[in-house]
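This report concerns side-chain interactions in a single structure. Please consult the sequence and the coordinates shown below while reading.

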Amino acid sequence: AGSAWACTTTMVGKKASVDGSAMVSHTVDGWYDHRIRIVPGGKHKKGEMVPIEKNICYQTMPTKPLIKMGEIPQAEVTYTYFHVGYPFMNEHQLMIGESTWGGRDETFCDAGWMVIEQLQVLALQRTKTAREAIKLMGELAEKYGYADGGEALTVGDKDEIWLFEITGPGPLWTPDSGKPGAVWAAVRCPDDSYAMGSNRSRIAEIDFDDKENFMYSSNVKSFAEEQGWWKEGEPFVFHKLYNPQPYGSPYYQQRREWRAYNLLSPSVKLAEDAAEQYPLFQK
């Protein structure tokens, strides 16, 4: 038997909870900074810059120093946020959970500045709602480049829950290429449903005509087409294109998903031996 270093996240729409709360939960199972830190917000002067760094999650590990990638302009106003392992909530009840899914080697990019925890910091400092957070993280990753593995963030505010998934632009991307520095997509959790994820991409077919419930990068289709993973006319299933082989065995993820859905929706009768993806949202 082996242990699972396994991040598991859940999302609950406001009409799926007893008291009308929209909820996000998150486990980070690994070696991370376990201090709960309150990072104050405030007003900032014009021309102020903010460092973009890697290893934010490991600041009690001597072998993981902060790595400064560069600086970007500071926002005029930032909000107080809370950090333990990963940044997780701000003063406006914007909350973020995290789960790694790795992704294809063809998407990895060392030239990018942004990693997932840095995007979370900037979103919590600068936005109040899930939609605003996703748009900001997508814009910053596309502009400055994303250098992390495939990641899923469950992003929630008092009214909405979203699943945001992001991967890199490939090893040939540079800031001067004129191309987006990340590939990403997001889907909204229905208010009357819940969902969970466990170390694999969970976004299925994207409805490109539904702007209310889907968001995505401008290159989400073109990158997959350039790589030969998809062609026009085929269903565009994000997890099959960008994360067809999750790390570990298929059951590394599937067993956690099955257990959560089986406990909360036993009437659905999900197959115990199915390695394929279960439907993301359940009532």
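The following sections treat salt bridges, cysteines, aromatic rings and one strand residue in turn.

The model is predicted: local features require pLDDT of at least 70, side-chain atom pairs count only at pLDDT 80 or more, and totals for chains, interfaces and linings use all residues. Residues are numbered from 1 along each chain as its sequence is written, and side-chain values use heavy atoms, with hydrogens and water left out.

**Salt bridges**

A search of the whole structure yields ten salt bridges, a salt bridge being a side-chain nitrogen of Lys or Arg within 4 Å of a carboxyl oxygen of Asp or Glu. Among them are the three pairs tabulated here.

| Pair | Closest N and O atoms |
|---|---|
| R35 and D33 | 2.7 Å |
| R131 and E160 | 2.8 Å |
| D191 and R188 | 2.9 Å |

Burial is expressed through relative accessible area (buried under 20%, exposed over 50%, partly exposed in between; 1.4 Å probe, protein chains only). In the pair of R35 and D33, R35 is partly exposed at 39%, whereas D33 is buried at 0%.

R131 forms its salt bridge with E160. This pair links distant parts of the chain, 29 residues apart: R131 belongs to helix α2 (residues 130–144), and E160 to the loop between β11 (150–156) and β12 (161–167). Helices (H or I, at least four residues) and strands (E, at least two) are DSSP runs, numbered from the N terminus. Both R131 and E160 are buried.

D191 and R188 are likewise both buried. Through shared partners, salt bridges join R131, E160, R188, D191 and E212 into one network.

**Cysteines**

The whole-structure search finds zero disulfides, where a disulfide is a pair of cysteine sulfur atoms within 2.5 Å. For C57, the closest cysteine sulfur is that of C7, at 9.7 Å, which is too far for a bond. C57 is buried, with 0% relative accessibility. C109 is also in no disulfide, and its nearest cysteine sulfur, in C57, is 19 Å away. C109 counts as buried at 2% relative accessibility.

**Aromatic rings and charges**

There are 15 aromatic pairs in the structure. Rings of Phe, Tyr and Trp (its six-membered ring) pair if their centres lie within 6.5 Å; planes under 30 degrees apart count as stacked, over 60 as edge-to-face and the rest as tilted. The ring centres of Y32 and Y86 are 5.2 Å apart with planes at 55°, so this pair is tilted. Y32 lies in the loop between β2 (23–27) and β3 (37–39), and Y86 in strand β9 (residues 86–90); the pair links distant parts of the chain, 54 residues apart. Y32 and Y86 are both buried.

One aromatic cluster is formed by W101, F223, W229, F238 and Y242. The ring of W229 also has the charged end of R104 over it, 3.9 Å from its centre. Such a charge sits over a ring if NZ of Lys or CZ of Arg is within 6 Å of the ring centre and within 35 degrees of the ring normal. K64 lies over the face of Y58, 5.0 Å from the ring centre.

**Strand residue Q282**

Q282 is located in strand β16 (residues 281–282) and is buried at 9% relative accessibility. Apart from neighbours within four places in sequence, Q282 is in contact (heavy atoms within 4.5 Å) with S193, Y194, Y261, S265, V268 and L270.
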